[in-house]
Amino acid sequence: MGDVRTLAARMAQIAPFEVMEVLDAARRLEASGRDVIHLEVGEPDFPTPAPVIRAAHAALDAHPMFYTSAVGMPELREAIAGWYGRAFGVEVPAERIIVTSGSSAALVMALGALVDPGDRVLMSDPGYPCNRNLVRYLGAEPVLVPCGPEHAYQLTADLAAAAWGPTTRAAIAASPSNPTGTCLTRDQWSDLANVCRRGGGVLIADEIYQGLVYDGPAETVLAVADDVWVVNSFSKYFQMTGWRLGWLVVPEGATRDIEKVAQNLYISAPTPAQYAALAALSDEGLAVVEERRAELGRRRDVLLDELPKIGFAIRARPSGAFYIYCDVSAFTADSFAFAAWLLQETGVALTPGRDFGDAAPRQHLRIAYTQPTERLREAVHRIGNALELLPRRV
Ligand SMILES: Cc1ncc(COP(=O)(O)O)c(C=O)c1O
C-alpha cells in the first residue's frame with residue numbers, strides 16, 4: 001500500500017461504496033452454505049443478448065481490433081443517432097455523439113469539461129454516489145439537494161432554482177434514477193434545463209437507465225433541449241455492463257473538446273464492444289431487451305404489491321430502472337444495521353441508503369429487482385417472517 005501522506009488532499013474526500021460491505025458480507029454468508037438472494041447489485045441478472053454476443057464473435061474473427069477514433073466508430077455513432085430518431089423521434093446529429101468507455105467515462109469527461117475548481121454542482125440527494133465523488137475529484141463542490149418523495153426524489157426545477165448560487169456551474173439529474181427508480185417528465189426536464197440556462201450554467205442529464213420504464217414511453221431530455229450534456233450507456237437497458245461502453249451527447253461545437261480529453265484519458269472505447277453494440281441497436285437486439293423490459297416490469301409490479309404488506313413503505317412510484325427505494329423507518333433508525341441484520345436473519349441482501357446521500361439515508365433501503373419473480377416473492381416472504389419478530393417503532 002502507498003504512503004497515504006503522498007496522496008493529494010482531495011483523496012480524503014472520495015468515499016468508497018458502502019454497498020461493497022454488504023456484498024462482501026453476502027458472499028461470506030453464501031460461502032458458509034446459506035442461500036442468499038441478491039437484491040443489492042446494480043446490474044441486470046440477464047446475460048448480454050445473444051445477437052450482441054454473436055456480433056462480437058463475428059467481429060473478433062473479421063477485424064484486427066485496433067484502436068478506433070477517440071470519439072468512437074463512425075458507424076456506431078450513426079447507429080446511436082438513428083436510434084434517437086426511431087425511438088424518440090429526435091434528431092441528434094452523429095457528430096454530437098461520442099462513444100465512451102462506459103457512461104462513467106462520459107460523466108468524468110463532461111464534468112471535467114464543464115467545472116473549474118471551486119465551482120458548485122447541484123445534484124439530488126438521494127442520488128448516484130459517483131456524481132459527488134467525481135465532482136470532488138475535480139476540486140469542485142457537490143451540492144446535495146435534499147429531494148423528498150413529494151418531488152419523487154428528483155432534482156426538480158424549483159429545488160434547483162432555490163439551491164442555485166453565484167458559483168453554481170451545473171446540475172446533474174438522472175431519469176430514471178438510481179436509487180429511486182423515479183423519472184422526470186419531458187416538461188420537468190425542460191423546466192430544469194431552463195433553470196440551468198437562466199443561472200448561466202449547464203444541465204448534465206444521466207439517462208443511463210433510459211428505456212427501462214414501465215408506466216409509459218421512454219423519454220429523453222434531448223426532445224426538449226439541445227444545449228444539455230447527456231450521459232448514456234449500453235450497460236443497463238442493453239445489458240452490457242461488463243463491455244464498458246457508453247456515450248455522451250454534447251451540445252453543438254463541443255465534440256472536439258471531448259475528443260481531446262478522450263484521446264488523453266483512454267485513447268478509444270473498447271473496439272470489440274463497439275462492434276457488438278451495433279447489434280444491440282439492431283431490430284433483433286432491441287426485441288430481446290424489450291422482452292426483458294416487460295419481465296422487469298412484472299417484477300416491479302410484484303414488489304409494488306408485496307412490499308407494503310410487510311411494512312416497507314414506497315413513498316414515490318418507481319416507474320423505471322430496476323430499483324425500489326423503501327422507507328423502513330417503521331422498523332429502524334439505522335438502515336445500515338437493519339440491512340446487516342436482515343442479511344444474517346433471512347439471507348436477503350439489500351442496499352442501505354447511506355451510499356446515496358445525507359438526507360434520511362438511515363430511513364431507507366434500496367431493493368434491486370434483479371432476480372426472477374419467484375426469488376423476489378421468496379425474499380419478501382423471508383423478510384416478512386423475520387420482521388414479525390421485531391416490534392414496530394411506530
Ligand atoms: C445513475 C448511474 N449513472 C451512471 C452509472 C455508470 O454506469 P456505466 O459506467 O456502466 O455506464 C451507473 C451505474 O450503476 C448509474 O447507476
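1. Pairing of β6 and β7. In β7, A205 has V230 as its bridge partner. The model is predicted, and in it β6 and β7 pair in the parallel sense over three bridges. V230 has a further partner: in β8 it stands opposite V249. β7 and strand β8 (residues 246-249) run antiparallel and are joined by four bridges.

2. The other neighbour of β6. Strand β5 (residues 168-174) pairs with β6 in the parallel sense, over five bridges. Here A171 is set opposite L203. As background, strands of a sheet pair through backbone hydrogen bonds, either parallel or antiparallel.

3. Burial of β6. Strand β6 covers residues 202-206, and five of the five are buried, so the strand is largely enclosed by the rest of the structure. V202, I204 and D206 point one way. L203 and A205 point the other way. In a regular strand the side chains alternate between the two faces of the sheet. Note that D206 is among the buried residues of β6.

4. Burial of β7. Strand β7 (residues 229-233) is mostly covered, with five of its five residues buried. One side carries W229, V231 and S233. V230 and N232 lie on the other, and both faces are covered.

5. The ligand shell. Which residues come nearest to the ligand? They are G102, S103, S104, S233 and S235, out of 13 residues around the ligand. S233 also belongs to one of the covered faces of β7. Helix α4 (residues 102-114) gives the largest share of the shell, three residues. By type, the shell has nine polar residues, three nonpolar and one charged.

6. Two domains. The protein chain divides into domain 1 (4-47 + 286-386) and domain 2 (50-281). Their C-alpha centres are 24 Å apart. Each side puts residues into the contact: 34 from domain 1 and 34 from domain 2. On the domain 1 side, α10 (283-309) and β9 (323-327) each supply at least two residues. The largest share of that side, eight residues, is from α10. The side of domain 1 that touches domain 2 holds 18 nonpolar, nine charged and seven polar residues.

7. The three-stranded sheet. β9 also takes part in an open sheet, in the order β9-β12-β11, with antiparallel pairing. β9 and β11 (351-352) stand at the edges with a single partner strand each, so one side of each has no neighbour in the sheet. Five bridges link β9 to the antiparallel strand β12 (residues 364-368). In that strand, R366 is the bridge partner of Y325.

8. The core. Which members of the largest nonpolar core touch the most other members? Among its 121 residues, they are L155, A171, L192, L248, A276 and I367. Both domains contribute: the core draws at least three residues from each of domain 1 and domain 2. A171 is also the residue opposite L203 in the β5-β6 pairing. Beyond its neighbours within four places in sequence, I367 is in contact with L39, L303, Y323, I324, C326 and L350.

9. A87 as a contrast in burial. A87 lies in helix α3 (residues 74-88). Is A87 buried or partly exposed? It has 15 other C-beta atoms within 10 Å. Buried needs 20 or more, and exposed means 12 or fewer, so a count in between is partly exposed. A87 is therefore partly exposed. A87 and A333 are 246 residues apart in sequence, and their C-alpha atoms are 44 Å apart in space.

Note on methods:
Residues are numbered from 1 along each chain as its sequence is written. This is a predicted model: local features need pLDDT of at least 70, side-chain atom pairs count only at pLDDT 80 or more; totals for chains, interfaces and linings use all residues. A residue is near a molecule or strand if its C-beta atom, placed from the backbone, lies within 6 Å of it. Ala, Val, Leu, Ile, Met, Phe, Trp, Tyr, Cys and Pro count as nonpolar, Asp, Glu, Lys and Arg as charged, and the others, Gly among them, as polar. Domain bounds come from an automatic or database domain assignment. Two residues are in contact if their C-beta atoms, placed from the backbone, lie within 7 Å. Two strands pair if DSSP finds at least two bridges between them. A nonpolar core is a set of buried Ala, Val, Leu, Ile, Met, Phe, Trp, Tyr and Cys residues joined through C-beta atoms within 7 Å.
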